[in-house]
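Q: Please take a close look at one part of this model and describe how it packs. Give the cut-offs behind the terms as you go.

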Amino acid sequence: MKDFLRKKGIRLGVIVLAAVIISVASARALNGAAGFLGNAVGVVRTPVHQAVAAAADWLEGIYGYLYTFDQLKAENESLKKQLAEARQQVRDAADALEENIRLRELLKFAEKHTDLTMVSSKIISWNSSNWSSTFTLSRGSDDGIALGNSVITEYGALVGQVTELGSTWATVSTVIDVDTNVGALVGDDGAAAMVVGNFALMQQGAVKLTYLAEGAQMFLGDAVLTSGMGGAFPQGLDIGTVTSIQSEAGGQIEYGIVTPSWDSSMLVQVYVVTDFDVVE
Amino acid sequence: MLWDLINMDKLRRGLIYAVYMLLVLLLQNAVFSRIVIFGTKAMLVPAAVVAVGMFEGGVWGAVFGLFTGLLCDKTFGATPLFTALFPVIGFFSGVLSRYFVNKRFFAYLFVSMAAFVLTALCQLFPLLVFMGQDAAALFKTALLQVLISLPLAAPLYFPCRAVGTHRRR
């Protein structure tokens with residue numbers, strides 16, 4: 001050991017001292033720029049450092065993933081729930097907007113017909129039978145609805161009449177049903193006529209206009225309104241428009257085909273008229 | 001003691017057919033009331049009554065038909081038509097499968113078609129006779145109702161066959 005230090009130590013010390021002196025001198029001379037050796041070391045060191053840093057990052061990522069997995073999962077669930085709630089709110093808002101539009105239209109109609117008392121109701125389902133045209137409402141006698149009440153849209157178009165009633169539901173036969181018999185006023189003159197259900201026309205979503213008062217005439221596009229006679233329906237409700245004029249009994253009798261103002265595929269909410277002034 | 005008097009097999013089958021009936025009525029009211037093909041909706045319920053009658057016999061078919069008819073009239077019939085008609089369909093399906101036809105799928109389709117025709121004729125009868133509606137339109141709707149209902153009624157056969165086959169083992 002002593003021999004080794006004596007032989008090599010002095011040389012080693014000299015070499016280290018020389019290296020330090022060279023290094024300090026070159027650093028001063030290059031004024032901060034890397035010298036050949038420093039550069040070479042840097043060139044070799046950089047990718048190694050990068051690889052180590054990448055490996056460290058990767059390990060840190062795995063550690064972080066393991067450590068925060070449950071937290072992220074919970075956060076994800078929470079965000080999913082928030083998203084679902086937000087979507088529901090958007091849907092509710094869209095429904096509310098549509099309902100708002102309907103109610104605004106109803107308000108305009110109600111301002112014109114102050115005698116009508118109405119209850120709004122949603123349509124739960126349409127009848128699956130081919131032999132009648134009926135649907136079920138979400139409200140019944142508990143809400144003041146009675147048998148025979150008229151059912152209208154927000155625009156005041158006659159949809160039908162309550163024909164079956166429960167405490168929380170009501171069945172409505174539409175105006176195109178085969179059982180329909182409504183007194184009507186046709187055109188600008190207000191000629192009296194009857195709107196009568198017809199099976200073949202019901203399949204096409206229309207209803208028959210017949211028994212037109214003697215001497216009166218109907219024209220295509222004529223508006224057909226309820227006459228209010230008999231007290232079953234309020235006066236002036238829109239039944240529909242005359243879309244075709246036909247004749248029967250060898251051309252002796254003329255009748256009209258009335259297409260209602262509402263579209264069954266678009267009906268969502270309707271209004272049940274629970275009270276109105278009867279026309280004498 | 002009371003428990004011993006109850007036939008568990010019959011009770012189990014009764015419950016299965018009650019669930020089957022509710023599912024068929026749900027299908028009829030919630031799904032097929034919205035599907036309109038050539039302006040006509042399918043009427044599947046008679047086929048369910050036929051299937052039960054064929055695999056369980058006339059008495060079970062009639063009882064199943066009675067309850068199904070009652071519920072049908074309460075949900076979409078304005079008259080007691082189905083309450084009267086479906087027990088008859090259920091009973092005669094059982095009689096037919098016992099003496100005249102086998103219980104295979106095509107026999108079921110054949111008896112179902114007869115049940116559909118009978119149902120459609122009973123539905124159009126009051127409109128034709130008492131209300132004087134156009135016969136051509138009525139028969140066209142009846143024909144379409146039968147033709148549309150028949151292929152859609154095919155799946156109703158298999159649950160009854162499964163229950164019936166399990167019982168015979």
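A: H5(B) and H6(B) are roughly antiparallel to each other (an angle over 145 degrees; under 35 is roughly parallel, 65 to 115 roughly perpendicular, the rest oblique). The model is predicted: local features need pLDDT of at least 70 and side-chain atom pairs 80 or more, while totals for chains, interfaces and linings use all residues. Residues are numbered from 1 along each chain as its sequence is written, and chains are lettered from A, ligands numbered from 1, in written order.

H5(B) covers residues 81–99 and H6(B) residues 105–129; helices are DSSP runs of H or I with at least four residues, strands E runs of at least two, numbered from the N terminus. Their axes lie 11 Å apart, at an angle of about 155° (lines fitted to C-alpha atoms over the stretch in contact; angles run from 0 to 180 degrees between N-to-C directions). The crossing is right-handed, meaning that the near helix is turned clockwise from the far one by less than a right angle.

On the H5(B) side, the residues that meet H6(B) are B:Leu81, B:Leu85, B:Ile89, B:Ser93 and B:Leu96. Facing them in H6(B) are B:Val111, B:Ala115, B:Leu118, B:Thr119 and B:Cys122. Contact here requires C-beta atoms, placed from the backbone, within 7 Å. By class, this contact has eight nonpolar residues, two polar and no charged (Ala, Val, Leu, Ile, Met, Phe, Trp, Tyr, Cys and Pro are nonpolar; Asp, Glu, Lys and Arg charged; the others, Gly among them, polar).

Beyond this pair, 18 residues of chain B are in contact with 13 residues of chain A.

Notes. Contact = placed C-beta atoms within 7 Å.
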